[in-house]
Amino acid sequence: MKEEYSLEKKKKLSLKKIIVFAVALIVIVVLTLTLVVPNLSKEEETQPVILTTSTLQKIINVSELSTCSAVYNGIAQVNNPDKPAEVNYYVAYEAKIKAGFDLDKVTTDIKDVDGSDGKSKLVIINIPKIKINETEVDIASLDFMFLNNSANTSTVTEEAYKACKLDVESEAADQQAIYDLAKQNAESVIKALVQPILEQVNEEHPNIHYDLKVNTEE
């Protein structure tokens with residue numbers, strides 16, 4: 001019965017429930033355009049350099065971001081503390097996993113394109129390695145299967161919650177799908193923040209052209 005239960009409710013990542021924070025992203029882009037661009041124009045009045053790395057850092061650091069959120073369905077196993085080889089119960093649970101990156105570690109660079117005599121530049125944004133930054137178990141979702149009825153005590157929910165928390169943290173680290181999606185979303189977020197600025201600069205200064213390249217650490 002134990003093996004059948006484990007196979008039937010195999011741990012899985014619910015990819016169809018992955019959420020990109022599009023609304024938050026739109027707000028951030030709007031804030032960037034209203035708060036940073038006017039300052040950029042003021043800098044241009046006194047500086048020969050149209051776009052600087054410090055300006056790019058201001059654009060990127062408008063807000064912190066989580067780039068991916070997914071619902072995870074898993075099963076934790078709780079053994080008998082007095083007889084470690086024996087299983088007291090299994091508990092199925094639902095959890096939310098959030099992945100993202102540390103904005104403080106994003107680096108920027110602006111390079112001249114070879115042979116362009118300074119008229120064509122490449123803006124390079126380096127995103128740090130994607131990491132799991134939050135796991136949250138829904139305590140209301142806990143579903144028990146007891147193999148040892150004496151383990152069904154008044155404190156079992158607290159014990160099971162801790163076991164599920166440890167389980168999802170361990171499992172999340174091995175879910176390559178969420179890392180891949182978070183990486184893709186992270187690059188989209190950065191492009192959405194920076195590309196409108198570059199397009200505006202290119203339009204206002206036709207004698208120079210900026211292109212964008214986004215890298216994410218593996």
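**Helix 4 and the sheet beside it**

In this predicted model, helix 4 lies across strand 4 and strand 5, running at about 140° to strand 4.

Student: What makes helix 6 a packing partner of the sheet, and how is helix 6 directed relative to strand 7?

Tutor: Helix 6, residues 176-204, touches strand 5 and strand 7, and its direction makes about 170° with that of strand 7; contact here requires heavy atoms within 4.5 Å.

Student: Why are strand 4 and strand 5 called paired?

Tutor: Pairing requires at least two bridges between two strands, and six bridges join strand 4 to strand 5 (residues 120-127), so the requirement is met; the two run antiparallel. Within strand 5, Leu122 is the residue that stands opposite Lys111.

Student: Why are strand 4 and strand 7 described as standing at the edges?

Tutor: The sheet is open, with three strands in the order 4-5-7 and mixed pairing. Strand 4 (107-112) and strand 7 (209-216) each have a single partner strand, so one side of each has no neighbour in the sheet. From one strand to the next, the twist averages 20°.

Student: Which residues of helix 4 are called buried, and how do you know that they lie on the same side?

Tutor: In helix 4 (residues 53-60), the buried residues are Thr55, Leu56, Ile59 and Ile60, the term being reserved for relative accessible area under 20%. Because they cover an arc of only 135° around the axis, they are on the same side of helix 4.

Student: What share of the protein is buried by that cut-off?

Tutor: Of the 218 residues in the protein, 41% are buried.

How values were computed
Residues numbered from 1 in each chain as written. Predicted model: local features only at pLDDT ≥ 70, side-chain atom pairs only at ≥ 80, totals over all residues. Heavy atoms only, no water. Buried < 20%, exposed > 50% of the residue type's maximum accessible area, 1.4 Å probe, protein only. Helix = DSSP H or I, 4+ residues; strand = E, 2+ residues; numbered from the N terminus. Arc of directions from axis to C-beta. Axes fitted to C-alpha atoms, helices over the stretch in contact; angles between N-to-C directions.
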